[in-house]
Each structure stands twice: as C-alpha cells, then as structure tokens.
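Colleague: Walk me through the terms you use for this model. I want the rule behind each one.

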Protein chains: 2
Amino acid sequence: MSALPESLAGLTVAVLGGTGPQGRGLARRFALAGLPVVIGSRSHVRGEEAAAELARATGAQVTGADNEGAASAGDIVVVAVPWEGHGELLSGLLPFLAGKVVVDCVNPLGFDKQGAYALTVDEGSAAQQAQAILVDSTVVGAFHNVSAVLLEDPDVASVDTDVLVLGDVREATDLVQDLAGVIPGVRGVYGGRLRNAHQVEALTANLISTNRRYKCHAGIRITDV
Amino acid sequence: MSALPESLAGLTVAVLGGTGPQGRGLARRFALAGLPVVIGSRSHVRGEEAAAELARATGAQVTGADNEGAASAGDIVVVAVPWEGHGELLSGLLPFLAGKVVVDCVNPLGFDKQGAYALTVDEGSAAQQAQAILVDSTVVGAFHNVSAVLLEDPDVASVDTDVLVLGDVREATDLVQDLAGVIPGVRGVYGGRLRNAHQVEALTANLISTNRRYKCHAGIRITDV
C-alpha cells in the first residue's frame, strides 16, 4: 500500500451496489489502498456479509450496511448499482447524499443476441440522471470501463487501464481522479463535462464486443496524456 | 514503407473530404504506406491541388478529383467530410459507392463555449446514417478518434493510438483493421457492430476536452488486446 493522496486523507468511500461485480471489485481496490470502505446493498445483511468477506480476504477496513446507511457513512459515494432502479434508488437517498461527491459508474446497456448496446436515457446519461435527481450533490462520472473481472482478481496486481473522469466541478473531478489513481496501474484522466458522459458509459458496449472477439478483458488508455 | 497486407494489395483508397484536416492526414498516411490514394473534394480543382501537394511532400502516388470521381476510383472509400452535408453528399454518390467498403469517420459534434458535445443523429450515428443511405455498400466506422494534427505532422513517425473498427460484416471490418494497421503505430481493433458506432464518434468530444485540459493530442489504446 502506498501513501494515499492528501485529498483522500480521512475520507470514507461508500460503494452502493457494493455486492455486484463492479461494486465488489472497486470496494476491494479502494480497501486495499487503505481507504475505509462501506459496502452498501439493498439488504444490510448482504452488505455486511460482503464486507466481512472482503475484510477477511484483504485484511482491510471494510464495513457493510444497507444503501441508506452506506450513503450516510460515505464522504465519497460510488454508485455501482444496476441501471434498472438507478433513478429510484438515488431519489430515496437524496438527503443522505447532500453535499457529497457522488461517483456514478452505471452503464445503461441492453443485451440481445447480438451483444450489448447503449440504452437511451431521457436525461442523456446515467450520470446526468443522477445529477438531475441529486440537486444538492456533486455528481462525477467515472469507472465505467474498468473490467470487474480484473478488479476482483487477487492475482491482478496492476489494472492496465485509465479511468475517464467526467464532471462539471473541477474540485470534484480532481478528487475522483485521485480516487482512481489509488488502484495500482490506473490513472484518472479528465474526460470532459457531465454532458459528455453518455458515450463513456455506452463505450462499455464496445468493450464487451471487443472482449468477445479477442477473449480478453479490454480497457482503455488515453495516449499523449 | 513496410509490405502492405495481402488484403490491401492492388486496392485504391479514396478519401472524400480529403482536403480537410482529417482527410488530409489519413490520405497522407495511406499514401506513405504505399497505397494508391485519390483525394476527393467538392471542387475537383481543390482535390487536384491537395493531391499534388501531398504527392510532392511524400513522393507517393496521389491523385485528385471531385468527390464523385474519387468515389468512382476508390476500392475502399473513406468518408472524412464535415457532418453538415454528410447525408446529402452520400445520397448523391449512391451509384458510385455500390458494392464497395465505405469507411465513415465522421463525428457529429457541436461546439459552444463549454467545448464539444455529441449531436443527436436520427439514425443513431453518422455510420448508421451512411449505411441507411448506401444500401448497396458495406459501411464500416473507423478513424473517429485519431488526431488529425498527428496524422498530418511529418515529424510524427508513429501515431500512438488504436482505431476502433465498427461494422456488421466481418470481411469488411477485417479489411479496415488492416487499413488502420498500415499507419505506423496504429492498430485496428474490432469495436462492435454499427449500432454501437455513436459512442465512438461522440467520444471525440471527450478527447477534445482532454486535449484542452492537458494540452495534448489524446488518442486511445485498447488494453489486453
């Protein structure tokens, strides 16, 4: 574990939907980096079970709660829930997320026989929907394209990908870039405003196609940065 | 110049809109790789001028024409025109493009004080619009995110980026992956079907934001491929 960046000192990271593959993988990496992590789930029992398992596996400080408890406990709150129910969940958490940086990593995708495709979102993107609902929070989009398989694999010491970080508030995108950077191998790279989140979310459909073709766990790097 | 892949032997590449930055840059790299290149422009005079300039600069085989002449001459036809007028141009070229692989690299973007953003396209994407119009051609999306500045710079020997190649016909996407690969440093990577082209086109808006923030010419690499 290397030293955390100053910006993250003393901060607790909550991961809503922390029992799904993406949430578990991110929670694992944040915990391994030395950040106090709270795993949120619809059921506090499942949240606590996932936290206990992760704490055992990593020796790190991980606690579990329901999503409301996790939202309350986190200084930075990562939203890694399924797209289905995304808006409803956030609407219910409005008071608990006020004043906080909320990191949305949800990809609104559909699947059929031809693979994955991007769904249309009225607000433009999951991240914009989150910001439209969470009027008292600062929403940042990030971690859309990171392979959950690689995040969860204890044999993967370094994850070979960049994380595009999207948002309208510089202080918040800087913080989330720092958060991405605690995962070994990962860089957080500024990728534009929230209005340009849709295509980064949707790009996950392309990476799924790439994964199928090449039997890999594709990620992206931004060159010349 | 290294040997061309067998798939490209004897093929002529036409670049419609070959007098704009992206078209010029791609034409330059294809010509340098040893492919016969025809630069198309709205005006055949400007097409011929651009071709003469590129032939002088590179010593390669480059000719110029209007877009109709270039579409007729090309075995592979790259569409690098502005989004404005894209559909109208292609509608007029329907008979000349029949039976050919048409490579669309057009990014439907808008610009305002906050930078670039993705435009809504009725057909879903520029590539899908092209395929909807060009019913007798095979449309492939590619070269969306490659920096025109780097392509055009004679001092840039190797362009550090991958090209996501999108399409519904394997033979055509394989061919365009080979075409991308003739540019030193570049790999063509399969990125899914045409229905997933929108986000790759739109991602250029994110890279423009990244360029502004970091003063760079950002590209993308796909990892684990």
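The talk below covers a sheet, a helix and a cavity.

Modeller: This is a predicted model, where local features need pLDDT of at least 70, side-chain atom pairs count only at pLDDT 80 or more, and totals for chains, interfaces and linings use all residues. Residues are numbered from 1 along each chain as its sequence is written, chains are lettered from A and ligands numbered from 1 in the order written, and side-chain values use heavy atoms, without hydrogens and water.

Colleague: What makes S5 and S8 of chain A a pair?

Modeller: Strands are DSSP runs of E, at least two residues, numbered from the N terminus. Two of them pair if DSSP finds at least two bridges between them. Strand S5 (residues 101-104) and S8 of chain A have four bridges, in the parallel sense, so they pair. Val101(A) has Thr138(A) in S8(A) as its bridge partner.

Colleague: Why are S3 and S8 of chain A called edge strands?

Modeller: The open sheet of six strands runs S3-S2-S1-S4-S5-S8 in chain A, with parallel pairing. Strands S3 (62-66) and S8 (138-141) of chain A each pair on one side only.

Colleague: How do you know how helix H5 of chain A runs against S8(A)?

Modeller: Axes are lines fitted to C-alpha atoms, for helices over the stretch in contact (heavy atoms within 4.5 Å). Angles run from 0 to 180 degrees between N-to-C directions. Helix H5 (126-133; a DSSP run of H or I, at least four residues) is at about 175° to S8(A), so their directions are nearly opposite.

Colleague: What makes the lining of the largest cavity mixed in kind?

Modeller: A cavity is a set of points on a 1 Å grid over the protein atoms alone, where a 1.4 Å probe fits but cannot get out; lining residues have an atom within 4 Å of a point. The lining divides into four nonpolar, six polar and one charged. Asp counts as charged and Gly as polar. Asp160(A), Gly219(A) and Thr223(B) are among the lining residues.

Terms used: On a 1 Å grid over the protein atoms alone, a cavity is a set of points where a 1.4 Å probe fits but cannot get out, and a pocket is an open set with protein on both sides within 12 Å along at least five of seven lines; lining residues have an atom within 4 Å of a point.
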